[in-house]
Structures are given as structure tokens and as C-alpha cells.
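User: Please take a close look at one part of this model, namely how its elements of secondary structure pair and pack. Give one connected account, including any backbone details that belong with it.

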Amino acid sequence: MTETAPADCMGFVGVTTGSSSIMKVFPLWADILGLPTRTLVGHDLPMDAEPAAYRAMVEQIRDDPHHRGALVTTHKMNLYAAASDLFDELDPFAVSCSEISSISKRGDRLIGRAKDPVTVDLALNDFLPADHFARTGAEVIILGAGGSGTALSWALAERADAPARITVTARSQDKLDHLREVHRQHGTDEGLIRYVLTETAEQADALVAAAPAGSVIANATGLGKDRPGSPLTDAVVYPEGAWAWEFNYRGSLEFLHQARAQQGSRGLHVVDGWRYFIHGWSQVVADVFELTLTPDVVEQLAQAAESVR
């Protein structure tokens, strides 16, 4: 009897990977892109996983010739802290932001990249007018200084139409200190970003309420997806005409519901994380399988994903 050769696969490192839409989307994308596999394997780790767990998982991916690579979601910064030395190459974003969102292989070399600064910019450009900040004087408040918050602040600082001020919040000072150092090393204008410790949701409410009309308020905390809750209270008052951007597209999504409750009365533009999800995954799939994606191909992938949303 002839033995069947092990099949190739791609990995997904997260907390509750089985409930992600990508499990149904990936086979459709594999057909569109002509990938060598339609199999996506979830690697679930708790949010407080030990460093040894990250190292074991990276070693498993590295040592399995049929495991082509992986996308990393919630664990991007923890994985970098625990296992960055296992990689043969890290891109400048990964080193500067101390995170890894894409694990790929080139021959016997293991590559780690931080794709979020690119993907968050693509998602932002999908909904925000190119001249929005210059035209309105609006600002940005990023709730959360983890991987996604760091990526958004980086992308905004590089944007041709940069906001007058970016405020980033966190509930621990060490995350703010880390982000400040990331921007110092990058050479970001010192006056552009304000780092604010918000130990309570009420403190975050006050920052949002004081922002100029048309400001972008982004939930980059993970609350509403990996853990229930919102960085804001239900009593928050959004700026008139603000853009409320929920980075998540699945979960309890309390931030999204809070924004929608004021959509009519405050003239809000409410955006969920679906396009960020599309860009995030398509960029990493392209990295893992060494593909170049055109805007037309990305739209094909987005349309295919809509069928299982």
C-alpha cells in the first residue's frame, strides 16, 4: 500500500482561531490564488501564554517542511519577545515595533515580518478621504498601545495627510513607554504623538469627548474580541462627525455597538474591522507564498470573503 505524502498547510496563531471567518475564507482564496494548499491550521494559545509555548510553536513551524508559514494575531508582541532569536531574518518594522505578524520561509531560513503598518494603512485608505486631516483639522485617538495601535500610529505618522495630533492611550505605563521609544528610534516628530495613561474607561471617555469634530477614534485594544468589553463607557460622547473605527469584526464588539448608538445623533461614520481583516490576511498570505497582489486581486479576495461573512 502506498503511503500518502503529508500535505502542506499554512498556520494561524491566535486565541480562538476556530471561530474566525478565515477558516472558511482561506480555501476560497487558495483557489483564486492557485495556492499549493487549501489547509489552514489553527494554533491557539492563551493570552497569558508562557514564553516556552511561543518558542515551541515557532520551532514546530520552522522544523515541519510541510508547514509553509503562519499569520499571528493577538500574540504578535509576545511572540517577538519570546522567540525573535529563532528567526534568521526580521524586517525593520518587526525590529522597530517588537512584533511579528507574519512567519514565512525562504529555503531553510525562517523570516519574521510585521505587516501591520502596511495593512492598517491600506484599511484606513479604504474609508478615509485622502485629504481628511488637512481639510478638517481633525485628530486621531488610538485606544490601545499594543501591536495594532503601534502600527496605526506608525502609519499615521508617515501619512502625507498626517493629523495635527495623535493621542495613544494604554492602561499600563510600560506600553506607552515602549511605543514612545519605537517612535523615537524611527525619528517621528516629538510633538505629533501624545501618550496618555487611562486607568479607567471614564478617563478615555474624556479624551474622546474633547477631540475635534471629524476625529478618528480607533479601538485597538482587543476588547470586544479576545475579551468582552470596551475601552469606553456607554456614556461616552463622540465628537460630531467622528469616524469610529472598530479594529475587530467578530466577538462581542461593544465599542462598535456604542458608536452605532450615536451614529444618527452625532453624525458618526462607523467602520468595523472587516477590511482590516481582508488586508491583514491577504498581505500575509502573499508573504508566505511569495505572491504579488494587485488591487484587482485584493478585490476578488474581498468579494469571495463576503460570501461567508
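Analyst: **Pairing and packing**

Met10 has Leu40 as its bridge partner, and Leu40 belongs to strand S2. The model is predicted, and what follows describes that model. The pair belongs to a parallel arrangement in which strand S1, residues 9–14, is joined to S2, residues 40–44, by five bridges. With helix H1, residues 22–33, the two strands make up a β-α-β unit that is right-handed.

H1 also packs against a helix from much later in the numbering. Its axis and that of helix H12, residues 274–288, come within 12 Å and cross at roughly 50°. H1 is therefore oblique to H12, because this angle falls outside the range of 65 to 115 degrees that counts as roughly perpendicular and is not under the 35 degrees required for roughly parallel. The crossing of these two helices is right-handed. On the H1 side the contact is made by Ile22, Phe26, Trp29 and Leu33, and on the H12 side by Phe277, Ile278, Trp281, Ser282 and Val285.

Beyond H12 comes a loop that leads to helix H13, residues 295–306, and Glu290 lies in this loop. Glu290 is not a glycine, yet its phi is positive, at about 55°. The residue counts as exposed because its relative accessible area is 56%, and the cut-off is over 50%.

Next, the six-stranded sheet. The strand order is S9-S8-S7-S10-S11-S12, the sheet is open and the pairing is parallel. S9, residues 193–197, and S12, residues 269–271, are the edge strands; each has a single partner strand, so one side of each has no neighbour in the sheet. On average, neighbouring strands are turned by 15° against each other, ignoring direction.

At the S9 edge, the pairing with S8, residues 166–170, is parallel and consists of five bridges. One of the bridge pairs is Ala170 with Leu197, the latter in S9. Helix H8, residues 173–186, packs on the sheet here and touches both S8 and S9; the angle between its direction and that of S9 is about 170°.

Towards the other edge, helix H5, residues 116–127, lies across S11, residues 243–246, and S12, and it runs at about 140° to S11. H5 has a helix partner as well. It packs with helix H7, residues 147–158, at an angle of about 70°, and the axes are 8 Å apart. The two helices are therefore roughly perpendicular, since 70° falls between the limits of 65 and 115 degrees. Like any such pair, they can be summarised in standard terms: two packed helices are described by the angle between their axes and the distance between the axes. The crossing of H5 and H7 is right-handed. H5 contributes Asp116, Pro117, Val120, Asp121 and Leu124, which meet Gly147, Ser148, Ala151, Leu152, Trp154, Ala155 and Leu156 of H7.

Trp154 leads on to Cys97, a residue of helix H4, residues 92–97. Apart from neighbours within four places in sequence, Cys97 contacts Met77, Thr150, Trp154, His178 and Val182. Its relative accessibility is 0%, so Cys97 counts as buried. The C-alpha atom of Cys97 is separated by 9.5 Å from that of Tyr80, which is 17 residues away along the chain.

The loop from H4 to strand S5 contains Ser98. Ser98 has a positive phi, near 55°, and is a residue other than glycine. S5, residues 102–106, is mostly covered, with four of its five residues buried.

S5 pairs in the antiparallel sense with two strands. Three bridges join it to strand S3, residues 67–72, and Gly69 has Ser104 of S5 as its bridge partner. Five bridges connect S5 with strand S6, residues 109–113; here Ser102 stands opposite Arg113 of S6. S5 and S6 form a hairpin with two residues between the strands, in which Gly107 takes a positive phi near 65°.

Notes. Residues are numbered from 1 along each chain as its sequence is written. This is a predicted model: local features need pLDDT of at least 70, side-chain atom pairs count only at pLDDT 80 or more; totals for chains, interfaces and linings use all residues. Side-chain values use heavy atoms; hydrogens and water are left out. Two strands pair if DSSP finds at least two bridges between them. A crossover is right-handed if, with the strands pointing away from the viewer, the path from the first strand over the helix to the second runs clockwise. Axes are lines fitted to C-alpha atoms, for helices over the stretch in contact, and angles run from 0 to 180 degrees between N-to-C directions. Contact means heavy atoms within 4.5 Å. Buried means under 20% relative accessible area, exposed over 50%, partly exposed in between (1.4 Å probe, protein chains only). Angles under 35 degrees count as roughly parallel, over 145 as roughly antiparallel, 65 to 115 as roughly perpendicular and the rest as oblique. A crossing is left-handed if the near helix is turned anticlockwise from the far one by less than a right angle, and right-handed if clockwise.
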